[in-house]
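Open the model in your viewer and switch to a cartoon representation. The stops below are given in the order in which to select them.

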Amino acid sequence: MNRFSYVQAASVDEAVAALAADAAAKVVAGGTNLIDLMKYNVERPTRLVDITRIPGLDQIEETEGGGLRVGALVPNTAVAYDRLVEERYPLLSSAILAGATPQLRNAASTGGNLNQRTRCYYFYDPQTACNKREPGTGCPAIAGVNRIHAILGQSEQCIATHPSDMAVALAALEAVVHVAGPSGARRIPLADYHRLPGNRPEIDTTLARDEIVTSVELPAAAQEFRANYTYLKLRDRLSYAFALVSVAAGLTIESGSIRKARIALGGVAHKPWRRPDAEDLLVGKPASNETFARAANLLLEGARGYEHNAFKVDLARKATIRALGQAAAATPQSQVDKRIR
Ligand code: SF4
C-alpha cells in the first residue's frame, strides 16, 4: 500500500475543497471497496477525504414532492429496513438485501454503493494489463476468463460490469443522484450517473473528480410499483456473490393490462441496463409471458457474449420474463428463501 494523508471533512464544502486541492484524493465513507482496492495496490490515493463526520448526510427524509431523500452516508442496511422504504419502495429494499453480506451492508454507504468499482478479476490484479486500471494497456478479459463480464454496451476497450444491486433497483425507480462540487449542487438522473466504457473505461460515472454524492432521491411516482415488483438475482451461489444477471422490475396493472413498466438489468453491462422502448412495448398489453418475451427480446437486442459468458444472453432473456411474471403476480422474489418460483 502506498503512503497517503488523511483528512476528516466537517462539511460538504470542506470535502469538496480537499478533493479540489489534490488530483489524487479519494473520498472514503464505509470503505468496503476502496480499502480493499488500496490493499491490492489498485487504488493509490495520495489523500483520503473522510466524509463520515459531515452532519446531515445520514438521514432518510420525506421530500416536499412526496418522495424520499436518502443521505449519502445512510448505511445500506438502514435503507433496506427503513419503514418508509419498505412500505413505498420495497423493490429497493429487496435489491439491497440481495447484495453482499449483513456485515458489509452495515458498513457500506449509499453513496459508496453507487461508486463501487467493477469486480473484473483482471482489474484487481496489478500484475495484469487492464484499460480501466492502466489506460492503454489492453483488456485481457476479452480473450480471457470472462464469465462475469458484460454482454451489452461493452467496448473494445473494456467489457466490465457494474457490480451494484442497489443501483439496478434505483435505475428502475428512476432515482436522482444529488451531488455537490466547487460550482455548487446538481442533480444527475440515475440513468445518466453510470456510463458505458467506450474509449474511456477508467471513468465509471459522470461524477466529477471534485464532486461528492450528497443524497439519492426516490421520486414519488415510483411508489406505484410497491405492489407489483421484484428483484430477481441469478448468481453462482446464493449469498455473497455478485449477479450473473439480475432484473429489477416494476409494473402497474389495471384491469389485467399493463399501464406502466420499468425494467433494469444488472450484471450485464457497465451500468444498470434499461431500454425505455422495451418498457413502452408493455404498455396497454396483457400481463402474459408472450408480451414479456417480446419486451425481453427488445431489452436484449444487440447482446453479445464471449467464450465464458455467452450463456448470459439467454439467461438474461429468461430472467426478464420470469421477473415480469413475478411482478405481475405480486409474488416478488424472496431474499430469504431464495428459491425461484
Ligand atoms: Fe480491465 Fe475492463 Fe478489461 Fe476488466 S474488462 S480487464 S476492467 S479493461
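In what order do the three strands of the parallel open sheet lie? The order is 1-3-2. Keep in mind throughout that this is a predicted model.

**Stop 1: the parallel sheet**

Select residues 5-8 and 25-28, which are strand 1 and strand 2. These are the edge strands, and each of them pairs on one side only. From one strand to the next, the twist averages 25 degrees.

Now add residues 47-50, strand 3, which runs parallel to strand 2 and is joined to it by four bridges. To see the register, show Val27 and its bridge partner in strand 3, Val49. Val28 has Asp50 of strand 3 opposite it. Strands of a sheet pair through backbone hydrogen bonds, so display the backbone atoms here.

Next, select residues 34-39, which are helix 2. Together with strand 2 and strand 3, helix 2 makes a β-α-β unit, and the unit is right-handed.

**Stop 2: Leu48**

Stay in strand 3 and pick Leu48. Is Leu48 buried or exposed? Its relative accessibility is 4%, and since the cut-off for buried is under 20%, Leu48 counts as buried.

Show what surrounds this side chain. Leaving aside neighbours within four places in sequence, the contacts of Leu48 are Phe4, Ser5, Tyr6, Val7, Lys26, Val28, Leu34, Ile35 and Met38. Val28 belongs to this list and also stands opposite Asp50.

For a sense of scale, draw a distance from Leu48 to Gln157: the C-alpha atoms are 29 Å apart, and 109 residues separate the two in sequence.

**Stop 3: the antiparallel sheet**

Move on to a second selection, an open sheet of three strands in the order 9-10-11. The pairing here is antiparallel. Strand 9 and strand 11 are the edge strands, each pairing on one side only. Direction ignored, neighbouring strands of this sheet are turned by 10 degrees against each other on average.

Zoom in on strand 9 and strand 10, which pair over seven bridges in the antiparallel sense. One place to look is Thr230, which stands opposite Ala249 in strand 10. Then select residues 90-97, helix 5, which packs on the sheet and touches strand 9 and strand 10. The direction of helix 5 makes about 15 degrees with that of strand 9.

**Stop 4: helix 12**

Select residues 311-328, helix 12. Does its length come out longer, shorter or as expected, and what is the span? At 1.5 Å a residue, the 18 residues should span 26 Å, and the end C-alpha atoms are 26 Å apart, so the two values agree.

Colour the buried residues of helix 12, among them Val313, Ala316, Ala319, Thr320, Ile321, Ala323, Leu324 and Ala327. Lys312 and Gln326 are buried as well. Which elements cover these residues? The cover includes strand 9 (228-234), strand 10 (245-254) and strand 11 (257-266), along with helix 10 (276-282) and helix 11 (289-299). Just after helix 12, select Ala330, which takes a positive phi of about 55 degrees.

**Stop 5: two cysteines**

Finally, select Cys120 and then Cys130. Cys120 counts as buried because its relative accessibility is 7%. Cys130, at 7% relative accessibility, counts as buried too. How many disulfides does a search of the whole structure find? It finds zero.

How values were computed
Residues are numbered from 1 along each chain as its sequence is written. This is a predicted model: local features need pLDDT of at least 70, side-chain atom pairs count only at pLDDT 80 or more; totals for chains, interfaces and linings use all residues. Side-chain values use heavy atoms; hydrogens and water are left out. Two strands pair if DSSP finds at least two bridges between them. Helices (H or I, at least four residues) and strands (E, at least two) are DSSP runs, numbered from the N terminus. Axes are lines fitted to C-alpha atoms, for helices over the stretch in contact, and angles run from 0 to 180 degrees between N-to-C directions. A crossover is right-handed if, with the strands pointing away from the viewer, the path from the first strand over the helix to the second runs clockwise. Buried means under 20% relative accessible area, exposed over 50%, partly exposed in between (1.4 Å probe, protein chains only). Contact means heavy atoms within 4.5 Å. The expected span of a helix is 1.5 Å times one less than its number of residues. A disulfide is a pair of cysteine sulfur atoms within 2.5 Å.
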